[in-house]
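Please look over the sequence and the structure below before reading on. The report that comes after them is meant for someone who has not met this structure before.

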Amino acid sequence: MTTEAYAGASPDAVQHHYDVGNAFYALWLDETMTYSCALWATGDTLEQAQSRKLDYLIDASSAAGAHRVLDIGCGWGSLLERLVDVHGVDHVTGLTLSPAQAEAIAARADERIEVHIENWVEHSSEEPYDAIISIGAFEHFARFGLPRCERIAAYRRFFRRCRELLPPGSRFALQTIAKGGNIRLDRRAARELRFVADRIFPESELPWASEVLEASEKLFELVSVRNDAGDYARTCGAWLGRLRASRKDAMDLVGAQTVDDYERYLNASVEHFRNGHLALLRCVYQRT
C-alpha cells in the first residue's frame, strides 16, 4: 500500500490542530492528556471518566495482558501508558502525525512504548499485533468533499490494513465521531459545524455510521457498537469549563483568537452531541 492510496487529511492539516501546543492542551485536558470522548459514571471526575473509557476499549479489544498492541492515532500517549502500566501489555506501538505528540511520548523514555510519526498507510510490522485500538483518528481518514463511495473506499482500505496486521480471532476497537441520524440542522447549527470543519479540523470529514459498518463488512465481524453522544457532550462541556477557567493563561500561550476559536468549537460540540447532530461510536470488531 502506498501513500497515494490515502484519502485522508494531510499531515499539515492534522498538525494545524494537534500541534497548537502541548502546554495549551494541558490547560484544559485532564492530567493524562486524553483528547477524546470519556465514558462517564455517576460521580466521575474527568480523569476517572477518561480512564474508564480507556479500560473499556482495552477490555473490549482483549488487549489486557497481550504481548503487542497497536494504537492508531495515539495522541499524547495515555492509552499506551495505561496498556503497559495497568493492563500488563509487554510492548505497545503508537502512530501519530503530530511531532508535538510524539515528542511528549518519547520523553517518557519507556522501552515498552514505541511511537512513530507515521500514517497507518505506511506502517508495517514483521509480526502481527495481538490487538489494535484506534480512538479519535478515523475522523481524519477521508478528506472533506469526497463522495460517499470514495469515503467508504478510503475507510475500507483502513479496515483492510488493520486486518493484515492482526491474526484471526483477534479484536480491533474503534472509537470515532460520526454524523448524527435524522436530526435536521437549522442554519445556525449548520454554520457552527462548518466553522469547526474549516477552522479547527481542516480537510477532515465525519463518517456516517452506515459508512463505518459497510467499510468493515467481510473483513471484520462486528461484535458490538454503541452511540455515546451524551458522554461526548459532557466531555466537551468539561473541557470548555477548564479552558474558560484558564483563559488568561491560554491567551498568553496561543493568543486570543485561538482561544476564542476553541471555546466556540467546544461550545458547538456540546450542543451538537446533545441534540443528536453528532454521534460517538464505540465499535468492537473481531478479525475473521
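What follows describes a helix, a strand, a surface patch and the cysteines in turn.

The model is a predicted one, and every value given here is computed from it.

**Helix α7**

Helix α7 runs over residues 187-200, and because each of its 14 residues should add 1.5 Å, the helix is expected to span 20 Å, which agrees with the 19 Å that separates its end C-alpha atoms. Its buried residues are A189, E192, F195, V196, A197 and I200. An α-helix has 3.6 residues a turn, so residues three or four places apart point the same way. Among the elements that cover the buried residues of α7 are α1, made of residues 11-18, and α11, made of residues 256-275.

**Strand β5**

Strand β5 covers residues 171-179 and includes T176, and A178 belongs to this strand as well. T176 counts as buried because its relative accessibility is 0%, and A178 counts as buried because its relative accessibility is likewise 0%. With its neighbours within four places in sequence left aside, T176 is in contact with F138, E139, P207, A279, L280 and L281. A178, when residues up to four places away in sequence are not counted, touches P207, A209, L278, A279 and L281. The last of these contacts, L281, is 103 residues from A178 along the chain, yet the C-alpha atoms of A178 and L281 are separated by 6.8 Å.

**A nonpolar surface patch**

On the surface, L213, L222 and V225 form a nonpolar patch whose accessible area comes to about 210 Å² together. One of these residues, L213, lies in helix α8, which is made of residues 209-216, and L213 counts as partly exposed because its relative accessibility is 32%.

**Cysteines**

How many disulfides does the model contain? The count comes to zero when a disulfide is taken to be a pair of cysteine sulfur atoms within 2.5 Å. The table sets out two of the cysteines, each with its closest cysteine sulfur and its relative accessible area.

| Cysteine | Closest cysteine sulfur | Distance | Relative accessible area |
|---|---|---|---|
| C37 | C236 | 7.6 Å | 0% |
| C283 | C162 | 12 Å | 0% |

The sulfur of C37 has no bond to that of C236 because the distance of 7.6 Å is too far for one. C283 is in no disulfide either, with the sulfur of C162 lying 12 Å away. C37 is buried, and C283 is buried too.

Methods: Residues are numbered from 1 along each chain as its sequence is written. This is a predicted model: local features need pLDDT of at least 70, side-chain atom pairs count only at pLDDT 80 or more; totals for chains, interfaces and linings use all residues. Side-chain values use heavy atoms; hydrogens and water are left out. Helices (H or I, at least four residues) and strands (E, at least two) are DSSP runs, numbered from the N terminus. The expected span of a helix is 1.5 Å times one less than its number of residues. Buried means under 20% relative accessible area, exposed over 50%, partly exposed in between (1.4 Å probe, protein chains only). Contact means heavy atoms within 4.5 Å. Patches are made of residues with over 30% relative accessible area and no salt bridge: like charges are joined within 9 Å, nonpolar side chains (Val, Leu, Ile, Met, Phe, Trp, Tyr) within 5 Å. Accessible areas come from the Shrake-Rupley method with a 1.4 Å probe; for residues, only the protein chains shown count as cover. A salt bridge is a side-chain nitrogen of Lys or Arg within 4 Å of a carboxyl oxygen of Asp or Glu.
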